[in-house]
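Student: I'd like a close look at one helix-to-helix contact, please. Once that's clear, walk me outward from there to whatever else is worth seeing.

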Amino acid sequence: MMLNLCLSTFMDPGIFPRAPDDEAKDDDFRSPLYKTIDIKGVSTRMKWCTTCQFYRPPRSSHCSSCDTCIDTFDHHCPWLNNCIGRRNYRYFFTFLLSLCVHIVTIFAQCAVYAIHHNSNLLRPGPIISIVIMVVIGIIIVPVFGLTGFHMFLVAKGTTTNEQVTGKFKGGPNPFTRGCVKNCCYVFYGPRWPKLMGYIPRTKTVKLDSSKITYTAAGNNVSINQGNNSNGIRTINKNHNWRP
């Protein structure tokens, strides 16, 4: 339970990197607000994000608390202080299931202990057991209600954001795979990589121009380069140019 709690809290939920400065120069009013794509025969709209400066992929949304676009956005959990998205939803759902098992186990143990010591309930042990049972009785309804709601979402193949906004209320959901396959996909689906780690970078390589020779003869162009201090090996290339 604690492992899934830590993974849900500290894992990247699927943050999209913002557009580079050279791509974000265009005026927002020049771009259409929506673009429509076809997914399994269902028309799905992609909305232009004015903050991140790109069209959000389907099922993604911009979180106002994190100020970033999240892939397959489910909701922002204030208790975990993190968004629940494509990358950490599996651990969040597993945390809820394990939390329910943990609550039932502790409640049963306290009840058995109090019954075995019912002859003297004023001792510290039975009093602590009764207090724990009262606390569990207060939190058991919201915890089990939240877990049951997410079990319904997993079986249906939708997210909290889509269910609350009624996105597929008037039409079919193109992302569902069926009840059984939806459950299997949540627990045994692929682990998606971090999107923030795939920002394109450029690397500058310095070459000695005096050791690079370009020879053009007729339709043949050859490039010859010798060994230099940078450790670049000899490269011979011949290109045949045709009209």
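Tutor: Let's start right at the contact: N4, L5, L7 and S8 of α1 meet Y91, F92, T94 and F95 of α2. Sorted by type, the residues of this contact come out as five nonpolar, three polar and no charged. Keep in mind that you're looking at a predicted model.

Now step back to the two helices themselves. Two packed helices are described by the angle between their axes and the distance between the axes. Here α1 covers residues 2-10 and α2 covers residues 89-116, and their axes come within 8 Å and cross at roughly 145 degrees. As for the hand of the crossing, α1 and α2 make a left-handed one.

Follow α2 and you get to the next stop, the largest pocket. α2 gives two or more residues to its lining, as do α3 (124-156) and α5 (179-188). The pocket has a volume of about 580 Å³. Its lining has 27 residues, and T72, R86, Y89, Y185 and V186 are the ones that lie nearest the centre. The lining is a mixed bag, with twelve nonpolar, seven polar and eight charged residues. Set that beside the contact of α1 with α2, where no charged residue turns up.

Last stop, the sheet. Strands of a sheet pair through backbone hydrogen bonds, either parallel or antiparallel. This one is an open sheet of three strands in the order β1-β2-β3, paired antiparallel. β1 and β3 stand at the edges with a single partner strand each, so one side of each has no neighbour in the sheet.

Take the pairings one by one. Strand β1 (residues 34-39) is joined to strand β2 (residues 42-49) by six bridges. Along that pairing, Y34 has K47 of β2 as its bridge partner, and T36 stands opposite R45. The two strands make a hairpin with two residues between them, and K40 in the turn has a positive phi of about 55 degrees.

On its other pairing, β2 meets strand β3 (residues 54-55) over two bridges. There, W48 stands opposite Y55 and C49 stands opposite F54. This is a hairpin too, with four residues between β2 and β3, and Q53 in the turn has a positive phi of about 65 degrees.

How values were computed
Residues numbered from 1 in each chain as written. Predicted model: local features only at pLDDT ≥ 70, side-chain atom pairs only at ≥ 80, totals over all residues. Heavy atoms only, no water. Pairing = 2+ DSSP bridges. Axes fitted to C-alpha atoms, helices over the stretch in contact; angles between N-to-C directions. Left-handed = near helix turned anticlockwise from the far one by under 90°. Contact = heavy atoms within 4.5 Å. Nonpolar A, V, L, I, M, F, W, Y, C, P; charged D, E, K, R; others polar. 1 Å grid on protein atoms, 1.4 Å probe; cavity = no way out; pocket = protein on both sides within 12 Å on 5 of 7 lines; lining within 4 Å. Points joined across faces, edges and corners; volume = space filled by probe spheres on them.
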